[in-house]
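Colleague: Could you take me through one part of this model up close? I'd like to hear about the salt bridges.

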Amino acid sequence: MPERLGSSARSNHGVGDKKNHGGSLDRDLALAEVEKEKKLSFIQAWEQSEISKAVNKAQKKLSTVTAWENSQKASKEADLRKTEEQLEKKKAENGEKMRNKVALIHKQADEKRAVIHAKRGEDILKAEELAAKYWATG
């Protein structure tokens with residue numbers, strides 16, 4: 001594109017003007033090209049900066065989400081361990097209660113057996129006494 005400007009600008013000038021203004025025009029075109037490159041360079045740098053900002057912002061948010069997730073998981077895992085410990089404690093307590101009830105039942109059964117054995121002994125003694133009385137009275 002700068003070449004077209006240069007050739008059209010040259011064609012409008014006379015031969016004498018071409019020599020004097022040709023260097024100035026080339027210099028102006030070169031300066032315009034430098035300015036254009038400078039502007040494009042700034043745009044490219046700005047674009048890269050914005051992309052970098054967007055990537056860093058997203059990475060920071062992802063890190064925040066990951067940290068939140070880890071915190072929540074750790075909290076729930078601690079709750080789970082606490083619940084499991086409570087269940088184990090309750091299981092042990094209930095087991096102890098059941099063993100105590102079984103022991104109480106065993107004790108009550110032994111007492112009932114003792115009462116039955118004592119009653120049997122009394123009944124046998126009574127039967128023997130009656131039998132002796134009947135033998136004696138004949």
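Is Arg 99 buried or exposed?

Modeller: Sure! Keep in mind that this is a predicted model. Arg 99 counts as exposed, because its relative accessibility is 52% and the cut-off for exposed is over 50%. Its salt-bridge partner is Glu 96, with 3.4 Å from N to O between the two side chains. Glu 96 comes out as partly exposed, at a relative accessible area of 40%. Now look at where the pair sits: both residues belong to helix H2, which covers residues 15-137, and they are three residues apart, so about one helical turn separates them.

Let's move along to Arg 113 and Asp 110. Their side chains also meet in a salt bridge, this time at 2.9 Å, N to O. Helix H2 holds both of them, again with a spacing of three residues, or about one turn of the helix. Arg 113 is partly exposed at 44% relative accessibility, and Asp 110 is partly exposed too, with a relative accessible area of 35%.

Then there's Asp 123, which forms a salt bridge with Lys 119; their closest N and O atoms are 3.3 Å apart. Here the spacing in helix H2 is four residues, which means about one helical turn between them. Asp 123 has 37% relative accessibility, so it counts as partly exposed. Lys 119, with a relative accessible area of 45%, is partly exposed as well.

And the total? Counting any Lys or Arg side-chain nitrogen within 4 Å of an Asp or Glu carboxyl oxygen, the model has six salt bridges.

Note on methods
Residues are numbered from 1 along each chain as its sequence is written. This is a predicted model: local features need pLDDT of at least 70, side-chain atom pairs count only at pLDDT 80 or more; totals for chains, interfaces and linings use all residues. Side-chain values use heavy atoms; hydrogens and water are left out. Helices (H or I, at least four residues) and strands (E, at least two) are DSSP runs, numbered from the N terminus. Buried means under 20% relative accessible area, exposed over 50%, partly exposed in between (1.4 Å probe, protein chains only).
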